[in-house]
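Thanks for coming, everyone. I'll keep this short. Have a look at the structure, and then I'll walk through it.

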Amino acid sequence: MASNKLQAFTHKHKNEIYHVLLCIAGSFILAFGTTAFLIPSKIVAGGTSGLGMLADYFVSLTNPDLGIIINNIVVWTINIGLLITAFFLVSKKFAVHTLVSTLFFPAFYSLMTLTPMISWLTQYFVEGSKYLNDTVRIILAGIFAGTFIGIGVSLTFLGDGSTGGLDVLYFLIYKYLKIKQSISSFVLDAAIIIVYAAATANHLPEAGMGVASAFISAVMIEFIYVRPRRVFLVYIVSNKYNEINKYLTKVNIKNKITNEKYNGANKIIESNVTHSEFKKLRKGIYKIDANALITEPNYRLLADNKK
């Protein structure tokens with residue numbers, strides 16, 4: 001009993017460290033995409049920074065000195081407000097991991113602005129190259145920015161956190177409206193960019209590339225975070241159902257043993273798993289019972305496919 005508790009405790013803390021590392025890695029990649037491609041090419045961004053820019057623009061029409069102050073107030077208010085909201089409406093773990101990302105991102109961002117390699121990329125995309133004209137350069141910058149930002153955001157999502165700001169809102173939208181994070185992120189970011197471009201009538205090419213970059217980022221979120229987390233039902237047929245049941249409980253996969261039987265003595269275990277969990281689950285089960293039968297999403301029998 002004590003040994004089982006120790007194993008469960010160790011597994012829990014390893015899992016927690018893994019999630020925190022994912023949030024840190026995501027913050028690093030997000031900072032890279034932002035400093036190397038997004039900002040140097042002046043591509044218009046969505047999110048809280050886009051809302052801050054909108055507030056800055058409208059306030060500056062009457063009071064130019066106050067614009068940048070309002071910009072910072074809007075960004076900080078939204079970030080802090082949504083972080084507190086996440087603590088109560090999403091989960092405490094999600095809020096803590098989001099806080100980790102929001103602390104590491106500015107640190108990585110500041111460090112990268114001083115990194116020679118990043119400075120070279122910045123100079124390349126801002127001042128140009130004899131091989132690229134302005135249009136091609138901004139398109140490439142937008143593609144790279146969307147890709148890296150999407151990967152970074154997805155990793156923080158996989159770490160049971162987010163990068164803060166409107167990312168928290170995407171999870172609230174999913175929780176209450178069941179709209180995927182990839183869809184809500186693109187719709188909201190694109191809307192903010194379009195409104196800013198329409199209001200200012202400036203930076204239209206950069207705004208257009210900003211929308212395209214937001215779409216690429218959403219695609220990354222869809223394939224890295226959303227799709228692998230889709231849950232499906234698998235059936236496990238085995239005589240060693242008690243050992244398999246203990247294994248599934250150990251790795252925190254919910255399951256139940258049904259009363260149905262297959263081939264006489266075998267019992268069927270029903271389990272809801274994600275695509276990312278399935279491969280690990282299959283290897284673990286075959287170590288317990290090499291003759292176990294497992295179905296996958298299309299219910300194809302995997303008795304002879306134990307790779």
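**A walk through the helices**

Start at Thr98, which is found in helix H4, residues 92–113. One caution before I go on: this is a predicted model. Is Thr98 buried or exposed? Thr98 is buried, because its relative accessible area is 0%. What does Thr98 touch, leaving out residues up to four places away in sequence? The list is Leu83, Gly161, Ser162, Gly164 and Val168.

Stay with H4 for a moment, and turn to charge. Side chains of opposite charge can pair when their charged atoms come close. How many salt bridges does the structure hold? Four. I'll go through some of them.

Glu16 forms a salt bridge with Lys93, with the closest N and O atoms 3.8 Å apart. Glu16 lies in helix H1, residues 2–38, and Lys93 lies in helix H4, so this pair ties together parts that are 77 residues apart in sequence. Glu16 counts as partly exposed because its relative accessibility is 29%. Lys93 is also partly exposed, at 32% relative accessibility.

Lys93 has another partner. Asp160 forms a salt bridge with Lys93, and here the closest N and O atoms are 3.4 Å apart. Where does Asp160 lie? In the loop between helix H6, residues 134–158, and H7. Lys93 is in helix H4, so this pair ties together parts that are 67 residues apart in sequence. Asp160 counts as partly exposed, at 25% relative accessibility.

Next, Arg227 and Glu222. Their side chains meet in a salt bridge, 3.1 Å from N to O. Arg227 is partly exposed, with a relative accessible area of 38%. Glu222 counts as buried, because its 9% relative accessibility is under the 20% cut-off. As for networks, salt bridges that share partners join Glu16, Lys93 and Asp160 into one.

Now the nonpolar surface. Which residues make the nonpolar surface patch? Trp76, Ile80, Ile84, Phe87, Phe88, Leu89, Tyr176, Leu177, Ile179, Ile183 and Val187 make a patch of about 1,100 Å². Three helices give two or more residues to this patch: H3 (64–89), H7 (166–177) and H8 (181–200). H3 supplies the largest share, six residues.

Take one patch member, Leu177. Leu177 has its place in helix H7. Why does Leu177 count as exposed? Because its relative accessible area is 58%, and the cut-off for exposed is over 50%.

Compare that with Ser184. Ser184 lies in helix H8. Ser184 is buried, with a relative accessible area of 5%. Beyond residues up to four places away in sequence, Ser184 touches Tyr170, Ile173 and Ile179. Ile179 belongs to the nonpolar patch.

On to helix H2, residues 47–60. H2 has 14 residues. From first C-alpha to last, H2 reaches 20 Å, close to the 20 Å expected at 1.5 Å a residue. Which residues of H2 are buried? Gly47, Thr48, Gly50, Gly52, Leu54, Ala55 and Asp56. What covers the buried residues of H2 includes H3, H7 and H8. Those are the helices we just met at the patch.

Phe58 lies in H2 as well. Phe58 counts as partly exposed, because its relative accessibility is 46%. Now look across to Ala199. Phe58 and Ala199 are 141 residues apart in sequence, yet 8.7 Å apart in space, C-alpha to C-alpha.

Last stop, helix H10, residues 241–250. Its buried residues are Ile244, Tyr247 and Leu248. Why are they on the same side of H10? Because they cover an arc of only 100 degrees around the axis. The general rule helps here. An α-helix has 3.6 residues a turn, so residues three or four places apart point the same way. On the other side of H10, Lys246 and Thr249 are exposed. After H10 comes Asn252, whose phi is positive, near 60 degrees.

To recap, two things to look at again. Glu16, Lys93 and Asp160 form one salt-bridge network. And H3, H7 and H8 give two or more residues each to the nonpolar patch, and are among what covers the buried residues of H2.

Terms used: Residues numbered from 1 in each chain as written. Predicted model: local features only at pLDDT ≥ 70, side-chain atom pairs only at ≥ 80, totals over all residues. Heavy atoms only, no water. Helix = DSSP H or I, 4+ residues; strand = E, 2+ residues; numbered from the N terminus. Buried < 20%, exposed > 50% of the residue type's maximum accessible area, 1.4 Å probe, protein only. Contact = heavy atoms within 4.5 Å. Patch = residues over 30% accessible without salt bridge, like charges linked within 9 Å, V, L, I, M, F, W, Y side chains within 5 Å. Areas by Shrake-Rupley, 256 points an atom, 1.4 Å probe, with all protein chains shown as cover. Arc of directions from axis to C-beta. Expected span 1.5 Å × (residues − 1).
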